[in-house]
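Got your viewer open? Load the model below and let's take a walk through it, one selection after another.

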Amino acid sequence: MNPTIDYHAILPELILSGTLVVVLVVDVFLRPPRKWLAMPLSFAGVLAAFVATLTLIGADRTTFGGSYHVDPFAVLFKVFFLSVAMIVLFLSLRYFREGRYYQGEYYFLLLSSVLGCVMMPSSRDLLMLFISLELVSAPAFLIAAFRKNDPRSNEAGLKFFLIGVLSSAVMLYGMSLIYGVTGSTNLYEIGKALAGHLGGQETLALAAILFVVTGFAFKVSAFPFQFWAPDTYEGAPVPVTAFLASASKAAGFTGLLQLMFVAFIHQAAFWGPVFAAFSIFTMSIGNLVALQQRQAVRLLAYSSIAQAGYMLLPFALAGHGVDKEAFAAAVTYILIYAIMNLGAFAVVVAVSRKSSALLIADFAGLMRNAPLLALAMTIFMVSLAGVPPTAGFWGKFFVFRAGIDAGGIGIALAVVMVVNSVISLFYYLAIPRQMILVEGPEEPMRSPALVTFVAALAAAAVIAVFVYPDLIAHFPPLSTLVGS
Amino acid sequence: MLSQASAETYYQSYAVVLAVLAAGVLLVGVAFLAARLIAPHRPLPAKLTTYECGIDPVGQGWSQSQVRYYIYGFLFVIFDVEAVFLFPWARIFERLGYQAVVEMGIFIGILAVGLLYAWRKGVLKWV
């Protein structure tokens with residue numbers, strides 16, 4: 001048997017793989033002052049992969065024996081992940097060049113993780129999903145610990161590693177049980193098998209689903225598996241945290257979306273309430289603990305936990321007749337969240353050059369010292385809280401509407417979400433308050449051009465999506481994965 | 001929910017587990033008791049050292065260990081795994097045609113990049 005491979009379908013992945021090998025080889029031949037050239041090289045590779053992905057728009061291809069699909073859903077997320085990769089590369093350049101870290105290795109590992117992200121939305125097979133997820137996580141463990149001389153960075157890497165390995169083990173166990181029950185690793189086949197008669201193995205199938213969900217809950221830092229996130233985010237280099245909180249988390253969610261809405265959809269009555277509990281506790285705990293934070297990255301870490309709660313909400317609505325709407329709401333929320341979160345981290349990267357402790361108090365007077373950054377940060381914070389005129393409003397609105405349309409438990413969840421949004425306003429606005437109202441030391445802040453560019457771009461995108469939500473919402477591909 | 005008969009067999013299968021458990025506890029208990037009664041009791045300071053035979057340990061347990069063997073071990077494992085993949089491939093690559101040759105070339109090429117990296121980082125030099 002000689003399986004034919006659709007090389008066009010996997011062209012972005014091939015380009016990325018080639019680039020990361022080239023980056024590693026070129027790096028070892030560069031003299032230390034020129035090591036930063038690894039970044040433009042990586043950027044060229046990601047850009048090439050981006051263009052290759054654009055040629056796949058509208059495609060519907062299958063390769064590797066049905067385990068790898070390139071459909072509109074996959075292409076949408078590939079474009080998204082590659083954009084995030086470019087932004088993180090922008091944020092990384094000055095940070096890693098000035099810190100004298102291992103730059104070549106950093107870009108190599110970052111690209112490996114991006115490769116995993118790009119593979120994730122195409123993986124329609126348990127094994128492929130697992131490989132993608134490990135490819136996202138394994139390099140991320142290393143780059144989280146990249147500030148070797150800082151014990152907090154070591155702690156970040158170690159915690160992330162231990163939790164990551166534990167969750168992988170739990171997930172793999174669940175996957176093996178699912179294979180045992182259904183006799184297949186293909187998500188569509190599993191969906192068909194689980195819809196049929198299981199011959200006394202119904203309970204085992206439910207237990208297996210629970211194991212897999214638990215594994216993913218660790219990855220997306222949902223309560224009660226969220227405790228690693230703040231320490232890891234705080235200790236890791238700030239550009240890495242930006243990557244973890246946006247791309248890595250979104251990758252977890254894409255995997256979860258495919259599993260839940262393709263393979264396990266028939267058992268929605270069982271796992272829907274589980275996700276409802278996840279969602280309520282994740283957003284509430286994240287928001288309540290965020291109220292206590294004095295450090296900017298920890299604040300954003302707890303905020304990202306709370307945001308994961310909003311993203312988990314649409315899962316709880318599966319099986320209430322609004323699957324398509326819930327799916328689209330989850331996808332929209334993930335995309336919008338990533339934009340505003342990346343923007344916020346861009347500003348934090350800029351501020352980290354002045355004060356490495358990154359207390360919220362350090363933002364004082366930013367409005368005078370760096371008006372553009374302060375304005376952008378205000379927009380991101382307002383958007384994360386979900387207040388118009390920002391993209392975050394639409395993200396919350398679509399989730400809210402899906403909840404109301406679902407009725408029953410959906411309405412309760414929507415109400416909890418609104419209450420949480422009001423609570424979150426309190427801590428999100430703490431940073432703008434500090435920047436605008438509190439007097440700080442008067443010293444003009446010089447931020448790297450690329451970082452300012454990213455912040456401005458993200459701020460513009462956040463406003464643009466509010467004015468014209470069709471940019472992201474109502475994409476036809478959003479719900480192609482969901483049947484009927 | 002269980003019927004009378006099936007409940008009985010159900011608890012009987014637990015009885016086997018209990019019996020094995022009891023037998024295990026008994027076995028260990030008897031062995032220890034017998035040793036207490038029969039064995040001669042002659043305490044010596046030498047018996048309290050870490051190893052009763054061999055060389056006395058030198059220094060602390062937290063001393064630094066030689067890391068270069070570790071790196072060599074690493075490189076060895078990489079190429080060991082390569083061999084594991086190469087042997088079955090060598091058995092059948094004629095049947096698979098040129099595609100198999102190219103694929104194995106890519107695989108070995110990636111490992112070669114790893115070796116190149118190790119060489120440039122000075123791992124291969126015995127320091």
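Start by selecting residues 68-96 of chain B, which form helix H2, together with residues 98-120, which form helix H3. This is a predicted model. The axes of H2 and H3 in chain B come within 10 Å and cross at roughly 165 degrees. An angle over 145 degrees counts as roughly antiparallel, so that's how H2(B) and H3(B) run relative to each other. Turn the view a little and look at the handedness: H2(B) passes H3(B) in a left-handed crossing.

Now show the side chains where these helices touch. On H2(B), pick out B:Leu75, B:Ile78, B:Glu82, B:Phe85, B:Trp89, B:Phe93 and B:Leu96. Across from them, H3(B) brings residues including B:Met104, B:Phe107, B:Ile108 and B:Leu111. Color the contact by class and you'll get 13 nonpolar, two polar and one charged residues.

Next, zoom out to all of chain B. How many helices and strands does chain B have? Three helices and zero strands, so to speak an α-α-α run from the N terminus on. Select 4-41 for domain 1 and 68-120 for domain 2, following the domain assignment. Their C-alpha centres lie 52 Å apart.

Still on chain B, check the overall extent: its C-alpha atoms fill a box of roughly 65 × 60 × 30 Å along the principal axes. The radius of gyration is 30 Å, where a compact globule of 127 residues would be near 14 Å.

Last stop: bring in chain A. The contact between the chains takes five residues from chain A and eight from chain B. On the chain A side, four are nonpolar, one is polar and none is charged.

Terms used: Residues are numbered from 1 along each chain as its sequence is written. Chains are lettered from A and ligands numbered from 1 in the order in which they are written. This is a predicted model: local features need pLDDT of at least 70, side-chain atom pairs count only at pLDDT 80 or more; totals for chains, interfaces and linings use all residues. Two residues are in contact if their C-beta atoms, placed from the backbone, lie within 7 Å. Ala, Val, Leu, Ile, Met, Phe, Trp, Tyr, Cys and Pro count as nonpolar, Asp, Glu, Lys and Arg as charged, and the others, Gly among them, as polar. Domain bounds come from an automatic or database domain assignment. Axes are lines fitted to C-alpha atoms, for helices over the stretch in contact, and angles run from 0 to 180 degrees between N-to-C directions. Helices (H or I, at least four residues) and strands (E, at least two) are DSSP runs, numbered from the N terminus. Angles under 35 degrees count as roughly parallel, over 145 as roughly antiparallel, 65 to 115 as roughly perpendicular and the rest as oblique. A crossing is left-handed if the near helix is turned anticlockwise from the far one by less than a right angle, and right-handed if clockwise. The radius of gyration is taken over C-alpha atoms; the globule rule is 2.2 Å times the number of residues to the power 0.38.
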